[in-house]
Amino acid sequence: MASSNPAFNNPAFRDERAVRSYPGGARDASLVPPPASQSADLAAHAQLEGALAGPPAGAIETGRMTVEDTVHKTLALFGVLVVGAVAGWMWTMAGVTAANPRPSIAPMLIGALVGFVLSMVVIFTSRKKIRPALIFAYAAFEGLFVGGISAFFEFLYPGIVVQATLATLAVVGVTLALFASGKVRASKRATKVFMIAMVGYLVFSLLNVGLMLFNVPLAGGAFGLRSMEIAGIPLGLIIGVLVVIMAAYSLVLDFDSIQQGVRNGAPRQYGWLGGFGIMVTVVWLYLEILRILAILRGNN
């Protein structure tokens, strides 16, 4: 072999610079294209160096939940809800004439039934997969219900919708400000009391609806048991104030869950659940305030 020849043991042959400088020798390594695998490694290395030299990736770039992104999702859902509410309002009042001064209850019924079904699907399937399309569909049908019932109450008590809307925004704003300042926080004990109160309120509401549907004499007045008076005060007002407090605390739970999700690095898609929870609570708060105002104006 050539390596056994003493002539090839000359240092000149072992010096790469000499070989490159010799006419006909190997060309400069910098002029020879690297293999494909080496090119890929160099490209990956350059990309990594560029990433390290740039600004650090934020939560959005890493697909994590952020407060800003959740706010945007919540606003988008409320936008769909408002559009649905406008459609429900127009549908409810479309057939009202001097000869037929009765608003349609179809938007309320359709929106309530379909919205309830969609909300159950969202709640019980979100552990496996979050479907924004279902949440948007819920917002649309919930808006249909809100628009229908708002038009109905506005027909009976002109100006009540503006009052209820302003009161709802006030409660939401105050609750958010108190939570952001750290003066109000969710606690295990308060949450237990809240859950017990929610079960009791749900039982009362179902009982009251049943009595009203079957026209039981015990349910007097337009609001059933809520129309009963205790020391001259309608029961509906007492319950309504308690429910508004419950809804405000439910907002605190919604804000707290979003904060915990951001802090724990939850996937970005969970922002849809945060928006869904806030939307459900705000609609509940609005409807309760609307009913309180109707009871007050009905007594007047």
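These legends go with a set of views of a predicted model.

**View 1. The whole protein, with its 10 helices and 2 strands.** Reading from the N terminus, the elements go α-α-α-α-α-α-α-α-β-β-α-α. So much for the order; now the fold as a whole. Of the contacts with a separation of 6 or more, 74% link residues 24 or more positions apart.

**View 2. Surface and interior of the protein.** The accessible surface adds up to about 18,300 Å², and carbon and sulfur atoms hold 70% of that. As for the inside, 33% of the 300 residues are buried.

**View 3. Helix α5 packed with helix α6.** Here we zoom in on residues 106-125 (α5) and residues 132-156 (α6). Their axes sit 8 Å apart, at an angle of about 150°. Angles over 145 degrees count as roughly antiparallel, so that's the label this pair gets: α5 and α6 are roughly antiparallel to each other. The crossing of α5 past α6 is left-handed.

**View 4. Side by side: the residues where α5 meets α6.** On the α5 side, the contact takes in P107, M108, I110, G111, A112, V114, G115, L118, S119, V121 and V122. Facing them from α6 are L134, I135, A137, Y138, F141, L144, F145, G148, I149 and F152. What sort of residues make up this contact, nonpolar, polar or charged? The split is 17 nonpolar and 4 polar, with no charged residues in the mix. Glycines count as polar here, and among them are G111 and G115 from α5 and G148 from α6.

Terms used:
Residues are numbered from 1 along each chain as its sequence is written. This is a predicted model: local features need pLDDT of at least 70, side-chain atom pairs count only at pLDDT 80 or more; totals for chains, interfaces and linings use all residues. Side-chain values use heavy atoms; hydrogens and water are left out. Axes are lines fitted to C-alpha atoms, for helices over the stretch in contact, and angles run from 0 to 180 degrees between N-to-C directions. Helices (H or I, at least four residues) and strands (E, at least two) are DSSP runs, numbered from the N terminus. Angles under 35 degrees count as roughly parallel, over 145 as roughly antiparallel, 65 to 115 as roughly perpendicular and the rest as oblique. A crossing is left-handed if the near helix is turned anticlockwise from the far one by less than a right angle, and right-handed if clockwise. Contact means heavy atoms within 4.5 Å. Buried means under 20% relative accessible area, exposed over 50%, partly exposed in between (1.4 Å probe, protein chains only). Accessible areas come from the Shrake-Rupley method with a 1.4 Å probe; for residues, only the protein chains shown count as cover.
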